[in-house]
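User: Could you walk me through how this model is put together? I'd like to go from the sheets to the cores and then to the helices.

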Amino acid sequence: MKIVVFGPDRRTGALRDGAVVDLSHAYAKYLYEREGASRAAELAAALVPSDLAALIENGPAAVERAQAALDYLFERAADRNDLRGAPLVLPAQEQQIHAPRPHGTRMACAGSNFTTHRERMTRRSGREARAPFIWGFWKIAHDAVPSGGEVIYPARCDRLDYEGEVAVILGRRGKDLRPADLQSFVWGVTLFCDWSIRSPREPLGPMNFAAPKNFDTSYSLGPCIAVGEVDPENIDVETLVNGERRQAHNTRDMTFSFAQYLEYLSRDLTLYPGDLICSGTGEGTAADASPVLADGSQPPDLFLKPGDRVEVKSPAIGSLRARIVAKSG
């Protein structure tokens, strides 16, 4: 099932055959027509919530109920209207699709987690190569950029980069987890693009608030969450800039797997339903593909500029598109 957040009320829906189906309303129809339930709408709101965070918190049973409603709607129902008589199946291209980030959740991002990208970035920095280790940062931006949205070029930036990735959404609460727990903790998978300020560089220090990674519109997410359809540790990802392929990698080539990050992040820290873990990016970013000049700078050719269009895509999930725009005012 491919889950989306859509419309002015940010309700959860399922993508199917180019259409969006409101899951809670579809389940209310199922309860009333198939099960003969009274107060079907009220029951559906509790059992298949319209809010994404609540849907995730309701666990696998909520997804199973939603699937039963979809099967009934498309295979046995006399019509495709909700209990009010309004259409349940809506053309996807006519809907506002939001970034599928559950409200109030946290986003952990793996750093330098693909070998060639890491090696190139190490040479770029002038540091000596050393054995890889788990590290990363938190994305704190409140609102994610949805597919088709605009990324505002930061005023303090003169080299903006793209990093196409995969993100897993957790479906359970847990602490001090083990790698073997991954399968039971992943609720779904989506695409993520980390927009990164590469220049000017922040002063070096043990902690700098991950400033190059956090600014308004600093990440894109979507277009949907693939639930129960894909193996998060075997997903192909490509990144295109103005139609030119810049990146192509698979999550099986992560230096440290999602399972290892789950273990690392949950040490003494409770992870909650809806929290996200992002894979890190493969080779082909502007920073790792551009030469370093004698003064330590990099030429602007491969870096993003206002007007550029970026697409992160995966056959298993879909296409996450964005346009870079200049800051107004």
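User: How many bridges join strand E14 to strand E17?

Analyst: Happy to start there; bear in mind that this is a predicted model. Strand E14 covers residues 236-241 and strand E17 covers residues 309-314, and the two run antiparallel. Within E17, Val310 stands opposite Val241. The number of bridges joining E14 to E17 is four.

User: Which strands are the edge strands of the open sheet?

Analyst: Five strands form this open sheet, with mixed pairing, in the order E8-E18-E17-E14-E15. From one strand to the next, the twist averages 20 degrees. An edge strand here pairs on one side only, and that holds for strand E8 (149-152) and strand E15 (244-250).

User: Which helix gives the most to the largest nonpolar core?

Analyst: That core has 52 residues, and those touching the most other members are Leu160, Tyr162, Trp195, Leu262, Ile277 and Leu304. Leaving aside neighbours within four places in sequence, the contacts of Leu304 include Leu160, Tyr162, Trp195, Val241 and Val310. Apart from this core lies another, of 45 residues, with Ile3, Val48, Ile56 and Phe74 among them. As for the largest core, five of its residues come from the helix that gives the most, H7 (residues 258-265).

User: In E7, what is the bridge partner of Met107?

Analyst: Strand E6 (residues 107-110) pairs with E7 in the antiparallel sense, over four bridges. In a regular strand, side chains alternate between the two faces of the sheet. Strand E7 (residues 136-139) has Gly136 and Trp138 on its uncovered face, and Phe137 and Lys139 on its covered one. The partner of Met107 in E7 belongs to that covered pair: Lys139.

User: Is helix H1 roughly parallel or roughly perpendicular to helix H4?

Analyst: Good one to reason through: helix H1 (residues 23-33) and helix H4 (residues 60-75) pack with their axes 8 Å apart, at an angle of about 70 degrees. Angles of 65 to 115 degrees count as roughly perpendicular. H1 is therefore, relative to H4, roughly perpendicular.

User: How many residues of the contact of H1 with H4 are charged?

Analyst: On the H1 side, the contact includes Leu23, Tyr27, Lys29 and Glu33. H4 brings residues including Arg65, Ala69, Tyr72 and Leu73. Across the contact, 10 residues are nonpolar and none is polar, while the number of charged ones is three.

Methods: Residues are numbered from 1 along each chain as its sequence is written. This is a predicted model: local features need pLDDT of at least 70, side-chain atom pairs count only at pLDDT 80 or more; totals for chains, interfaces and linings use all residues. Side-chain values use heavy atoms; hydrogens and water are left out. Axes are lines fitted to C-alpha atoms, for helices over the stretch in contact, and angles run from 0 to 180 degrees between N-to-C directions. Angles under 35 degrees count as roughly parallel, over 145 as roughly antiparallel, 65 to 115 as roughly perpendicular and the rest as oblique. Contact means heavy atoms within 4.5 Å. Ala, Val, Leu, Ile, Met, Phe, Trp, Tyr, Cys and Pro count as nonpolar, Asp, Glu, Lys and Arg as charged, and the others, Gly among them, as polar. Buried means under 20% relative accessible area, exposed over 50%, partly exposed in between (1.4 Å probe, protein chains only). Two strands pair if DSSP finds at least two bridges between them. A nonpolar core is a set of buried Ala, Val, Leu, Ile, Met, Phe, Trp, Tyr and Cys residues joined through side-chain atoms within 4.5 Å.
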